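Student: I would like to learn how to read a few features of a protein model. Can we go through one together?
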Amino acid sequence: MQNQTEKNTQKNAENSTTRSAETNTEPPTTKTVVNNNTQTKASLSVDDVSEQVLTQAKSVINSITNNSMSELEKVTAIHAYLVKTVNYDTTQSKADIHTAKGALINKLAVCDGYAEGFAVLCYTAGVQAEMVYGIAKNSSGRTENHAWNIVKIDGVWFNVDVTWDDPIVNNTVVTDGSNISYNYFLITDAKISKTHTASSYSNKYSCNSDKYSDYVTNLIWKSVADSEYPYVVVTSMADVKAQMQNYINSGKKTFQIIYNSPGATDAQLNTLWEGLGDVFNQVINEMKLSGSFKMSGSMSSDGYIVAKFSI
């Protein structure tokens with residue numbers, strides 16, 4: 001299902017959109033294949049996976065994981081790999097787009113291809129993942145067929161929708177992974193049910209834990225901030241002023257402040273944006289700085305602002 005939800009309103013930058021994927025196929029009958037690796041109890045939840053795909057999956061896992069990594073780290077790496085390497089087929093016409101082959105070999109897929117690719121990579125890494133089939137509602141309110149996954153990490157199950165975490169930007173497929181999102185990574189049934197309704201599973205397990213919510217939040221901040229410059233997350237204007245002063249006193253010429261205000265409306269975010277500018281000007285005046293000053297950034301409908309300041 002192609003979801004053209006408007007996600008970010010950016011200041012001095014381009015607008016962004018996010019999407020999901022569509023499948024017009026009925027959920028296939030799945031079978032469980034026992035992993036030949038006796039060191040893991042993972043089983044394969046995808047039907048009719050070729051040796052070519054399994055060989056490719058092994059190559060991928062060898063390149064993005066190692067034996068010292070935890071299950072959480074492996075799943076994070078798999079999620080990032082798929083977002084960075086798989087492109088969504090907006091024409092929905094290419095061969096194998098509904099399969100793991102489309103995702104892992106052709107690098108072109110729709111939702112069930114992304115989900116199968118995730119399941120096969122998890123299996124290869126020794127992590128149990130299952131397929132989920134159902135419907136999802138996009139930003140325009142249209143409900144269509146969709147597929148995603150549940151994954152078991154350290155004995156606890158979570159929902160993952162890699163397709164919805166691979167946004168389209170300005171109606172253009174992003175091919176370098178810079179668009180990565182974590183809004184549908186390791187989330188509960190309660191959260192995903194706001195947009196997704198499951199109708200069948202390869203195997204069904206409840207996902208009720210939010211034990212990794214802080215971990216995912218940190219991934220979100222890293223994904224939205226410019227990696228070239230330092231950033232800090234704040235929740236009040238008093239914190240904004242103090243952090244600006246700290247950065248400037250430490251000699252930083254460019255820095256970022258992420259203002260997190262969950263549940264804020266667009267109007268409230270606009271007010272906060274103006275407040276950030278006012279505080280910046282106040283700090284400049286109080287510290288008697290001179291020269292050229294710049295503020296840029298973005299606002300997200302998820303309730304946060306990413307602001308970059310240069311002095």
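Student: Is Cys111 buried or exposed?

Tutor: Keep in mind that this is a predicted model. Burial is judged from relative accessible area, and a residue counts as buried when that value is under 20%. Cys111 has a value of 0%, so Cys111 is buried. Cys207 also has a relative accessible area of 0% and is therefore buried.

Student: How many disulfides does the structure hold?

Tutor: A disulfide needs two cysteine sulfur atoms within 2.5 Å. The structure holds 0 disulfides.

Student: Which residues touch the most other members of the largest nonpolar core?

Tutor: A nonpolar core is built from buried residues of certain types whose side chains are joined. The largest one here has 55 residues, and those touching the most other members are Leu82, Phe118, Val120, Leu121, Val151 and Leu186. Helix H4, residues 111–124, gives the most to this core, with 9 residues.

Student: What is Leu82 in contact with, leaving aside its neighbours within four places in sequence?

Tutor: The contacts of Leu82 beyond those neighbours are Leu104, Tyr114, Gly117, Phe118, Leu121, Val162 and Asp166. There is also a second, separate core of 23 residues, and Val232, Val234, Leu269 and Met299 are among them.

Student: How many aromatic pairs does a search of the whole structure find?

Tutor: Rings are paired by the distance between their centres, and the angle between their planes then gives the type. The search finds 10 aromatic pairs. In one pair, Tyr182 and Phe185, the ring centres are 5.8 Å apart and the planes lie at 65 degrees. An angle over 60 degrees counts as edge-to-face, so that is the type of the Tyr182 and Phe185 pair. Both Tyr182 and Phe185 are buried.

Student: Which residues form one aromatic cluster?

Tutor: One such cluster is formed by Tyr247, Phe255, Phe280, Phe293 and Phe309.

Student: Now the backbone. What is the phi of Gln92?

Tutor: The phi of Gln92 is positive, about 50 degrees, although Gln92 is not a glycine. Gln92 sits in the loop between strand S5 (87–88) and helix H3 (100–106). With a relative accessible area of 22%, Gln92 is partly exposed.

Student: And where is Asp154 found?

Tutor: Asp154 is in the loop between strand S8 (143–153) and strand S9 (156–160). Asp154 is not a glycine either, yet has a positive phi of about 50 degrees. Its relative accessible area is 48%, so Asp154 is partly exposed.

Key. Residues numbered from 1 in each chain as written. Predicted model: local features only at pLDDT ≥ 70, side-chain atom pairs only at ≥ 80, totals over all residues. Heavy atoms only, no water. Phe/Tyr/Trp six-rings, centres within 6.5 Å; stacked < 30°, edge-to-face > 60°. Buried < 20%, exposed > 50% of the residue type's maximum accessible area, 1.4 Å probe, protein only. Core = buried A, V, L, I, M, F, W, Y, C linked by side-chain atoms within 4.5 Å. Helix = DSSP H or I, 4+ residues; strand = E, 2+ residues; numbered from the N terminus. Contact = heavy atoms within 4.5 Å.
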